Amino acid sequence: MVKAVPTWLRWLAWIFVILAALLLLAPLVVVVGVSVSESQFIAFPPNGFSLKWYGNALGSREYVEAFWLSLRLAALVTLSATLIGGAAAIALSRRRGGQALETFFLSPLVIPSIIFAIGMLMLWSSLFGVTSFLALWIAHTVVALPYVLRTTLAVLAESDPFLEEAARTMGASWPRRLWHVVLPQCRPGLAAGAFFAFNISFDEAVLSLFLRNPGLNTLPVQIYGQLEFSPDPTVAAVSTMMIVLTVTLIVLLDRLLGLNRVAST
Amino acid sequence: MTDRREAWLFLVPGLALLVLGFVLPILRMLVLSVLGPDGLTLQQFARFFQDGYYPSILWRTVRMSLVITAITAAIGFPLAYITSRVGPRLRLWLIVMVILPLMTSVVVRTFGWMVLLGRSGPLATTLRDMGLVGRSFSLMHTEAAIVLGMVQVLLPFMVLSMLGVLSRLDPRLEEAARTMGCSFLQTIRRVVLPLAMPGVVAGSLLVFTLSASSFITPSLLGGARIEVLAGSIYKSVTQTLDWNFAAAQSVILFLGLALVLIPYLRLGARHG
């Protein structure tokens, strides 16, 4: 058997995987643990079991308002990034030598978001004064756009271009070709991109921190402020709810599209 | 032809968004960095290099980013390799293990590290019970805390960059190496690692860029005393309200990263 891996190495690999899992997941487990502790101090392992911090979080105006702001923002960003990014991906997939344009579209992935954030703040302030919801919406759409573009382009690269050619020879106009042929081909890519766009916007903290103002605090910004000031079990409860949302998104992503496929693009 | 017009119609919203909402802000930042009360000036840059304080922050940022990148690559490669070679069920679980933290907000993950590393956290308590450290021992507000937190935050990026390349490697290459007498580890070193190099390099660049430009994890885990460049930028914007200086610091970060990225991008372009 040439594929055989020495037994000691197999064991070592298992130990390594367990340690890596510990490293990757421990911070999340700990947050969940703190959130159900009875003690009002941050402690892990938790003392006792209580859900009172969840009641606290749901009763807090700051957190609830921040949650609705984040949710509204993420929903709109999902819509705008998927529409704009999907359209751009369809156009790019038909151009020859669209490499330079594609690089340009993916550039928000390469440029650190702190640099973009500070530029956005400065430009917005010089043009319109105080930052607003619209500023956040634009900024989040810019950073979510490359993800939609990449997932959609990956799907289109694997799809058969002659399907559309066939529809054309049979006399379908381009709106009909788009609706009946191209869009169905893109669907898995668009869906994966939409998931990522939602997730990125909902979790994003850098742009939201730079563009925040007293009436414009997203959930991650609210959490950050609390952590800077003094972490308490209530913020752990809010964080746990964010983790639960992420888990839900991942399960949906896997059910609808298959994680294996999404991870390798 | 309608095809052409359609293609442009589909590109225009994206192009407009990126030019107005991305390029223009960055240009504005560049302009502010060299703008003084009376015209163009490099005064802000001179201020950065004037005394030892800001250069020391820059040096710390570079040093820590290099350490973080090296550790992330060292853990990421075996993890990505194992993920690419196990059966589909286990593979799915390993991917979940990588993606779950990736898709969780950095703020939440950093909070987890604050609990883990804090004075009453499990690490400090265990060490104290073993009598290894004193009562007030805490890992918080150390460079080690930042490195540990950042490695966890950035490891998924490294693993996914490598996984893409490793999954596409033909396993028959490894089998061939084995039949010709290579041991398992030799095969990894002489066949897998060289072929996976594009993924390793891409992942390392991504991790280096991200770690040099993050401030949330470093400022929460490192505290006020251990400042990094991105944290100093954030402070200049929100606390001292010195935007021109903040812009200049961003330009320095930007140029520093370009210095690292551009040679690689050109190399990549040449190899197609």
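## A salt bridge within one helix

In this predicted model, A:E165 and A:R168 both belong to helix α7 of chain A (residues 162–169), where they sit three residues apart, about one turn of the helix. Their side chains meet in a salt bridge, with an N to O distance of 3.5 Å. A:E165 has a relative accessibility of 37% and counts as partly exposed. A:R168, at 32% relative accessibility, also counts as partly exposed.

## Chain A

Chain A is built from 12 helices and zero strands. Read along the sequence, the pattern is therefore α-α-α-α-α-α-α-α-α-α-α-α, as helices and strands are numbered from the N terminus. The C-alpha atoms fill a box of roughly 70 × 70 × 30 Å along the principal axes. Of the 265 residues in chain A, 54% are buried. Among contacts in chain A with a separation of 6 or more, 70% are between residues 24 or more positions apart.

The accessible surface of chain A is about 12500 Å², and carbon and sulfur atoms hold 68% of that area. Its charged side chains number 16 positive and 13 negative, and the centres of these two sets lie 10 Å apart.

## A buried leucine in chain A

A:L149 lies in helix α6 of chain A, which covers residues 133–158. Is A:L149 buried or exposed? Its relative accessibility is 1%, so A:L149 counts as buried, the limit being under 20%.

Leaving aside neighbours within four places in sequence, A:L149 is in contact with A:G85, A:A88, A:A89, A:L92, A:F105 and A:L106. A:G129 offers a view of spacing along the chain: A:L149 and A:G129 are 20 residues apart in sequence, and their C-alpha atoms are 32 Å apart in space.

## Chain B

Chain B has 12 helices together with two strands. From the N terminus on, the order of elements is α-β-β-α-α-α-α-α-α-α-α-α-α-α, with the two strands placed after the opening helix. The C-alpha trace spans about 80 × 75 × 30 Å along its principal axes. Buried residues account for 50% of the 272 residues in chain B. Contacts in chain B with a separation of 6 or more come to 70% from residues 24 or more positions apart.

The accessible surface of chain B is about 12900 Å², with 68% belonging to carbon and sulfur atoms. Chain B carries 22 positive and 11 negative side chains, and the centres of the two sets lie 6 Å apart.

## Salt bridges in chain B

Which part of chain B does B:D242 tie to the helix that holds B:R47? The side chains of B:D242 and B:R47 meet in a salt bridge with an N to O distance of 2.8 Å. B:D242 lies in the loop between α11 (229–238) and α12 (243–270) and B:R47 lies in helix α2 (residues 43–50), so the pair ties together parts of chain B that are 195 residues apart in sequence. B:D242 has a relative accessibility of 21% and counts as partly exposed. B:R47 is partly exposed too, with a relative accessible area of 31%.

A second pair is B:R85 and B:E174, whose closest N and O atoms are 2.5 Å apart in a salt bridge. B:R85 lies in helix α3 (residues 53–85) and B:E174 in helix α8 (residues 171–179), so this pair ties together parts of chain B that are 89 residues apart in sequence. B:R85 is partly exposed, with a relative accessible area of 30%, whereas B:E174 counts as buried at 12% relative accessibility. Elsewhere, salt bridges that share partners join B:R60, B:R63 and B:E143 into one network.

## The interface

The size of an interface is often given as the accessible area lost when the parts come together. Between chain A and chain B the buried area is about 7700 Å², and carbon and sulfur atoms give 82% of it. The contact takes 88 residues from chain A and 85 residues from chain B.

How many salt bridges cross the interface of chain A and chain B? The rule finds zero there, while the count over all chains comes to nine.

Definitions and conventions: Residues are numbered from 1 along each chain as its sequence is written. Chains are lettered from A and ligands numbered from 1 in the order in which they are written. Side-chain values use heavy atoms; hydrogens and water are left out. Helices (H or I, at least four residues) and strands (E, at least two) are DSSP runs, numbered from the N terminus. Buried means under 20% relative accessible area, exposed over 50%, partly exposed in between (1.4 Å probe, protein chains only). Contact means heavy atoms within 4.5 Å. Accessible areas come from the Shrake-Rupley method with a 1.4 Å probe; for residues, only the protein chains shown count as cover. Lys and Arg count as positive and Asp and Glu as negative; His and the chain ends are not counted. The place of a charge is taken as NZ of Lys, CZ of Arg, CG of Asp or CD of Glu. Buried area is the accessible area (1.4 Å probe) that two parts lose on being put together, summed over both. A salt bridge is a side-chain nitrogen of Lys or Arg within 4 Å of a carboxyl oxygen of Asp or Glu.
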